[in-house]
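Student: I have a structure open and would like to learn how to read a few of its features. Where should I begin?

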Amino acid sequence: MEVIFVREATFMHKPISDHPENPYRVVKARSSLNTSGLKYRDVSIEKIDREEAIRVCFKVHSRRYVEYLLELSRKTPVLIDEDTYMSENSLDLALATMYLSYVHASNQGKVFLVSRPPGHHAGVNGRAMSAPTQGFCLLNNAAAAVHGFMETGLKRILVLDFDAHHGNGTMEIFYRDRILQVDLHQDPDTLYPHTGYPDEVGEGEGYGYKANIVLPPGSGDDVFVEVLGLISDLAEKYSPEAVVVSAGFDGFENDGLADLNLTEKSYYTLGLLVRGLNAPTLVVLEGGYGVGLQRGLVAFTRGLLGLREEYPVLNETPITQYRRTIESTRRVIDKVSSRVFPSGGKQ
Ligand SMILES: [Zn+2]
């Protein structure tokens, strides 16, 4: 597994005024890896062919939406909606990030791509599944990676999204496709984009292939790790040929934008889970606005790299909440399993 930082993400796509999604996020993440002695590689987007990157966009987004973004990029700085901004070179960085996600997937690599802007709220036409805004996202990087893998002939693809917010864009894009999507997020009653309920299970070919797992505010490492055990069983049984991960670190305690209570233990376990699937993997950075970008991202990377660590459970979950969450997760996973493994065995 290789960690790749996009150099331009540390200074391009700058907000007009104070905004949680800013270049400093990647600066912080990078310096934390430095402090921890973890290896990574810097890449530059300079040589990426813009036209080729735009062609990748058309695989994921509607022509109308891509043309709208190109048009807006000539009027910067501009607000797309109350959450989402576009500065002078935002679209260049977004196009490059999407393109790199696609290319590394096409090469069947194992890559953690650390860049911005995030993408999982960007749907086919921008705002996804009736969300009020695009939630800081311009282009859907995870979806581009799915296309990259599919085009090399891989079919059994798992998308795992552990950002605290529902990955409504990615879910919308593949809602009718036979791609297993597991999205773990804070209860949509309590958080943007207010979708991702357990009964959203996909449609058509995709029916039963969408697992929306909901965590009440305040959920800690103990319940999260147990939920991951259930997801791990499902994922191993599915035995994916490729894995796409939307890695958000806003579930970390005191993030400021979400209300989960996770710490290193949870993110390390996530890293191990992804590593254990032992398939070509493209991990892309989504959210994370506080210390999770440092402590969570480092722990996750240690897990991805298979480094041995002993992180304690720092935050426990109230027992009733714990039990309810495990029960509801089991119901979601049982429903998916009955559709994905109709005979009880492998797909
Ligand atoms: Zn988020």
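**Reading helix packing, a metal site and unusual backbone**

Tutor: Begin with a pair of helices: α8 passes α9 in a right-handed crossing. Keep in mind that this is a predicted model.

Student: At what angle do α8 and α9 pack, and how far apart are their axes?

Tutor: Helix α8 covers residues 264-276 and helix α9 covers residues 295-304; the angle between them is about 30°, and their axes are 7 Å apart. Angles under 35 degrees count as roughly parallel, so α8 is roughly parallel to α9.

Student: Which residues of α8 and α9 make the contact?

Tutor: From α8, the contact takes in E264, Y267, Y268, L270, G271, L272, V274 and R275. From α9 come R295, G296, A299, F300, R302, G303 and L304. By type, the residues of this contact are eight nonpolar, three polar and four charged.

Student: Next, the metal. What coordinates the zinc ion?

Tutor: Look for the donor atoms and their distances. D163 appears twice in the list of donors, each time through an OD atom, while H165 gives ND1 and D250 gives OD. The distances run from 1.9 to 2.8 Å.

Student: Why is the arrangement around the zinc ion called irregular?

Tutor: Four donors count as tetrahedral if all angles lie between 85 and 135 degrees. Here the four donor atoms subtend angles of 52 to 152°, which makes the arrangement irregular.

Student: How are the donor residues spaced in sequence?

Tutor: The spacing is D-x1-H-x84-D. H165 sits in the loop between β8 (157-161) and α6 (168-173), and D250 in the loop between β11 (242-247) and α8, so the pair ties together parts that are 85 residues apart in sequence.

Student: What is usual for the backbone, in phi and in peptide bonds?

Tutor: Most residues other than glycine have a negative phi, and most peptide bonds are trans. Now for the exceptions here. The peptide bond from T76 to P77 is cis, with omega near -5°, and P77 belongs to the loop between α3 (63-72) and β3 (78-79). Y192 and P193 are also joined by a cis peptide bond, with omega about 0°; P193 is in the loop between β9 (180-186) and β10 (210-215).

Student: Where are M129 and N278, and what is the sign of phi at M129 and at N278?

Tutor: M129 is in the loop between β7 (126-127) and α5 (141-151), and its phi is positive, about 45°, although M129 is not a glycine. N278 is in the loop between α8 and β12 (281-285). Its phi is positive too, about 50°, and N278 is not a glycine either.

Notes
Residues are numbered from 1 along each chain as its sequence is written. This is a predicted model: local features need pLDDT of at least 70, side-chain atom pairs count only at pLDDT 80 or more; totals for chains, interfaces and linings use all residues. Side-chain values use heavy atoms; hydrogens and water are left out. Axes are lines fitted to C-alpha atoms, for helices over the stretch in contact, and angles run from 0 to 180 degrees between N-to-C directions. Helices (H or I, at least four residues) and strands (E, at least two) are DSSP runs, numbered from the N terminus. Angles under 35 degrees count as roughly parallel, over 145 as roughly antiparallel, 65 to 115 as roughly perpendicular and the rest as oblique. A crossing is left-handed if the near helix is turned anticlockwise from the far one by less than a right angle, and right-handed if clockwise. Contact means heavy atoms within 4.5 Å. Ala, Val, Leu, Ile, Met, Phe, Trp, Tyr, Cys and Pro count as nonpolar, Asp, Glu, Lys and Arg as charged, and the others, Gly among them, as polar. Donors are N, O and S atoms within 2.8 Å of the metal (3.2 Å for Na, K and Ca); water is not among the atoms, so sites may look incomplete. Four donors count as tetrahedral if all angles lie between 85 and 135 degrees; four count as square planar and six as octahedral if opposite donors are over 155 degrees apart and all others between 65 and 115; anything else is irregular.
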